[in-house]
2 protein chains.
Amino acid sequence: MASQRPVTITDVAARAGVSIATVSKALNGRGQVRAETRQRVMRAAEELSFQPNALARSLLSGQTRTVGLLTSDSVGRFGIPVLLGAEDAFGAGEMAVLLCDARGDSIREQHHIRTLLARRVDGLIVVGESTDARPSITRDLTVPVVYAYAPSDDPADVSFVPDDVDGAAQAIRHLVTLGRRRIAHVTGPTYYQASRDRAAGVTAALEEAGLSLSGGQVLYGAWSQRWGRQAAEVILRADPETDAVVCGSDQIAAGMVEAARERGRRVPEDFAVIGYDNWEVLSTETRPPLTTVDMNLEVLGRTAAQHLFAAIDGRATPGVHRMPCRLIIRDSTV
Amino acid sequence: MASQRPVTITDVAARAGVSIATVSKALNGRGQVRAETRQRVMRAAEELSFQPNALARSLLSGQTRTVGLLTSDSVGRFGIPVLLGAEDAFGAGEMAVLLCDARGDSIREQHHIRTLLARRVDGLIVVGESTDARPSITRDLTVPVVYAYAPSDDPADVSFVPDDVDGAAQAIRHLVTLGRRRIAHVTGPTYYQASRDRAAGVTAALEEAGLSLSGGQVLYGAWSQRWGRQAAEVILRADPETDAVVCGSDQIAAGMVEAARERGRRVPEDFAVIGYDNWEVLSTETRPPLTTVDMNLEVLGRTAAQHLFAAIDGRATPGVHRMPCRLIIRDSTV
DNA sequence: GAGAGCACCTAAAAGGTTTTCGGAAACGTA
DNA sequence: TACGTTTCCGAAAACCTTTTAGGTGCTCTC
């Protein structure tokens, strides 16, 4: 608790009766050091519980083994798993993560970038809260940047996003395999890239199966449970024969399941429902638990981190990389 | 992108035609520097977009303006707001946060502590995932530590936890004010401190009002929606006159509301329900939206961070500090 | 006109580590 | 003995900034 002076390499050298250069070499396994001397140094270091000062080391090497993690919007539901995956990948490689939350404020973001650069981070990972493209910050930055979840608007940057088009298509293909023929799609607002991508995936996969959308059009609304319930009414009135629906989020799906049951549809027998996000607190707690599309965000975060490593080593891989989603099959489809 | 040599104070000095000492003083506003010289230096720094190397600065001052944020268990639902609050408080003070997630593994935790100390963090904030006490790490650490959400088991440490006893009591008092008389309590497993604290608060507040628990005892179970539904059956069978229930979590409350309605109880008229956590995705999406206890976790995190500042300045405030909860009144009580 | 006082600036040290280069000791060979 | 070789260790520079102590030139006063 008391802030006594931390032990330095000089202390170890004195205790071992050698010079600081020898201590450095002994501990790092460099240069020529007699085995017996090395032992003596190691013992001294142990006894003093010496930890080399990372600052001094970084100052010299120019490498801080630190990366900045910039969340453009307040760390949300999607940011978290990405962050965890990244933290995981970095932690394994002895890297440390400086966390900065810009709260959706670009002034604040600029400020954070400046301080991160002043701290000489080796790289930057920018994680967004939606899959909509965000302004690039890579321009005139001296360190590599990787974007996760929200891609950069500059195609020359390195971005990782979930492949929502294919994710939604997987959901449709699953339903088609199960014999469903009148499938509707309810999703979030049109101004979300995620809504549009998922709708595109649904449409393409239906076409591929020679089917068309029940109701004739995608139902765009909000990401909420409430919209799920409303949409259920709309669908069942417009086309009472609808036997399945792919939802753009688990929240929508939860509302959908609830409202459908209230209107006498059995889920999944009469009416199969698929969610999106695999947000477990919701998807496993509905009755029945939801079949849903998981975006593998932890993997996405980890991959982004690994590619940041590569970029730091000068092996960047520009472009928008679409990471595969996977369908989690539970009881809301059969 | 290319890693050209970063510009140093020497470059600025050369451009401005002065010594590096003068540059330092001009930029930091120290010492005697003629106004005209200061201008020239500032201009040079601007033109080169000079950022002082934080490493060198820290090495000299012994202060890194960095704190470690150690999450003992994988950053969960409760960890996040605490983390955000802390990040907020630190960010405002030009501090940076090094994030480490130990994934519930104490070996990993030890490892993270070592590397954080090697990086010479100015302090540590340890955030837990439940309010159960956790082992102290303060022993023989050279920097101050503050615990958030999960208190340290050493009372001499500085810990911040939500005041669950009072939070639950607030819920009861609210119901009593509304005229409810037969109140039940359904909560999580007994081995959670949170369950026991909330039960204690419920019991005390009921006693204070001269009432006793409907059903005669606290119903301990799981934190899940499923348990909420089961418990609803138990309660309504054991004492059909029960007119209100305080739940230990929003998930339990959500199950409770659903099951009660299915059994013909009107919520809130016949049966008032109060949740806990104010986990908004759930508490605002149930029908009706839940009255619930909010633990103010962001405030808790921010406060913990501020006290860490204080501790760094040598003004520590030992003990377990209980932070007030607040009741959020929505439509599930009337 | 000389000493004192002032305003402004610079040289140098400090902070802790790694690395390079050179030096010292030990040993073998001529 | 003189010299070369090998093995091990130490001195010093480098990284970049801040701060202290000191130095230079100027003005003021008697």
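# Reading a two-chain model with DNA

Q: How do the residues of the surface near DNA strand D divide by character?

A: The surface near DNA strand D divides into 11 nonpolar, 11 polar and four charged residues; Ala, Val, Leu, Ile, Met, Phe, Trp, Tyr, Cys and Pro count as nonpolar, Asp, Glu, Lys and Arg as charged, and the others, Gly among them, as polar. This is a predicted model, in which local features need pLDDT of at least 70 and side-chain atom pairs count only at pLDDT 80 or more, while totals for chains, interfaces and linings use all residues. Residues are numbered from 1 along each chain as its sequence is written, and chains are lettered from A and ligands numbered from 1 in the order in which they are written.

Q: Which residues come nearest to DNA strand D, and which elements supply its surface?

A: A residue is near a strand if its C-beta atom, placed from the backbone, lies within 6 Å of it. Of the 26 residues around DNA strand D, the nearest are A:A21, A:T37, B:T8, B:I9 and B:A56. Two or more residues each come from helix 2 (20-28) and helix 4 (54-61) of chain A, and from helix 1 (9-16), helix 2 (20-28) and helix 4 (54-61) of chain B, where helices (H or I, at least four residues) and strands (E, at least two) are DSSP runs numbered from the N terminus. Helix 2 of chain B gives the largest share, five residues.

Q: What surrounds DNA strand C?

A: DNA strand C has 28 residues around it, the closest being A:T8, A:I9, A:A56, B:A21 and B:T37. Here the largest share, five residues, comes from helix 2 of chain A, and the surface divides into 13 nonpolar, 11 polar and four charged residues.

Q: How are the two chains related?

A: Copies are superposed by least squares on the C-alpha atoms of residues with pLDDT of at least 70 in both. Chain B can be laid on chain A with an RMSD of 0.1 Å by a turn of 180 degrees and a shift of 0.0 Å along the axis, so the two copies are related as by a two-fold rotation axis. In chain B, the residue that comes closest to this axis is B:L98, at 2.3 Å (C-alpha).

Q: How many residues does each chain bring to the contact?

A: Two residues are in contact if their C-beta atoms, placed from the backbone, lie within 7 Å. The contact between the chains takes 35 residues from chain B and 34 residues from chain A. On the side of chain B that touches chain A, helix 4, helix 5, strand 2 (96-101) and helix 6 (106-118) each supply at least two residues. Because 97% of the interface residues of chain B are also interface residues in chain A, the copies meet through the same surface.

Q: Is helix 5 of chain B largely enclosed or open?

A: A residue is buried if 20 or more other C-beta atoms, placed from the backbone, lie within 10 Å of its own, exposed if 12 or fewer, and partly exposed in between. In helix 5 of chain B, 12 of the 14 residues are buried, so this helix is largely enclosed by the rest of the structure; B:L83, B:E87 and B:F90 are among the buried residues. Just after helix 5 of chain B, B:E94 takes a positive phi of about 70 degrees.

Q: Where does A:V218 lie, and which residues does it contact?

A: A:V218 lies in the loop between helix 8 (193-208) and strand 7 (219-220) of chain A, and A:V218 is buried, with 21 other C-beta atoms within 10 Å. Leaving aside neighbours within four places in sequence, A:V218 is in contact with A:H185, A:T187, A:A199 and A:L213.
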